Amino acid sequence: PSKPVKIIIADSVVNSGSSIRRAISYIRKVAHEINPGLQIALFVLSGVMQEGAAEILPRQFPRVRFITVRVSSNQYTGRGAIDTGNRLFGTTLVKD
């Protein structure tokens, strides 16, 4: 048996976990399309994770490793195209 392909998802701040859920589902879907037998090891790294997400995500995805610098009781929900990464790092989506 071959070793699993390691995939790291990095997110500066995880609030509700909706973006992480979509990313995990997308990666699993694409991996299966590429090679149905492909084994993947998923890791989610974050600077801050909201405590609700920190409790729920590992139960929803027991085979995914969640690693965060700290868990926070504060909650922020971005509006429109604004997200926490924009606020922290001034990042924006670049379209061709």
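This is a short viewer tour of a predicted model, from the whole chain down to single residues.

**Whole chain**

Start with everything shown as a cartoon. The chain's secondary structure comes to three helices and three strands. Follow the sequence from its start and the pattern reads β-α-β-α-β-α. Now colour by burial. Of the 96 residues in the chain, 27% are buried. Switch to a contact map if your viewer has one. Take the contacts between residues at least 6 apart in sequence: 54% of them join residues at least 24 apart.

**The sheet**

Select the strands next. Three of them form an open sheet, in the order β1-β2-β3, with parallel pairing. Residues 5-14 are β1 and residues 65-72 are β3; these are the edge strands, and each pairs on one side only. Look along the sheet to see the turn between neighbours. On average, neighbouring strands are turned by 10° against each other, direction ignored.

Now select residues 40-50, which are strand β2. β2 pairs with β1 in the parallel sense, over nine bridges. Two partnerships are worth labelling. Label D11 and S46: D11 stands opposite S46 in β2. Then label V13, whose bridge partner in β2 is V48.

Is β2 enclosed or open to the outside? Eight of its 11 residues are buried, so β2 is largely enclosed by the rest of the structure.

**Two helices across the strands**

Add residues 18-34, which form helix α1. α1 lies across β1, β2 and β3. Its direction is at about 170° to β2.

Next add residues 51-60, helix α2. α2 also lies across β1, β2 and β3. This helix runs at about 165° to β2.

**V48, in β2**

Zoom in on V48, which lies in strand β2. V48 has a relative accessibility of 17%, under the 20% cut-off, so V48 counts as buried. Show its contacts, leaving out residues up to four places away in sequence. V48 touches S12, V13, V14, T68, R70 and S72. Then draw a C-alpha distance from V48 to N15. The two are 33 residues apart in sequence and 8.3 Å apart in space.

**S72, in β3**

Move from V48 to S72, one of the residues that V48 touches. S72 has its place in strand β3. Its relative accessible area is 7%, so S72 is buried. Which residues does S72 touch, not counting those up to four places away in sequence? They are V48, M49, Q50 and E51. Draw one more C-alpha distance, from S72 to V13. The separation is 9.8 Å, with the two positions 59 residues apart along the chain counted as sequence distance.

**The second largest pocket**

Finish with a surface view and select R28, L38, Q39, I40 and R63. Among the 13 residues that line the second largest pocket, these lie nearest its centre. How much space lies in this pocket? About 240 Å³. Colour the lining by class: seven residues are nonpolar, three are polar and three are charged. Then turn the cartoon back on to see where the lining comes from. α1 and β2 each supply at least two residues of it.

Technical notes: Residues numbered from 1 in each chain as written. Predicted model: local features only at pLDDT ≥ 70, side-chain atom pairs only at ≥ 80, totals over all residues. Heavy atoms only, no water. Pairing = 2+ DSSP bridges. Helix = DSSP H or I, 4+ residues; strand = E, 2+ residues; numbered from the N terminus. Axes fitted to C-alpha atoms, helices over the stretch in contact; angles between N-to-C directions. Contact = heavy atoms within 4.5 Å. 1 Å grid on protein atoms, 1.4 Å probe; cavity = no way out; pocket = protein on both sides within 12 Å on 5 of 7 lines; lining within 4 Å. Points joined across faces, edges and corners; volume = space filled by probe spheres on them. Nonpolar A, V, L, I, M, F, W, Y, C, P; charged D, E, K, R; others polar. Buried < 20%, exposed > 50% of the residue type's maximum accessible area, 1.4 Å probe, protein only.
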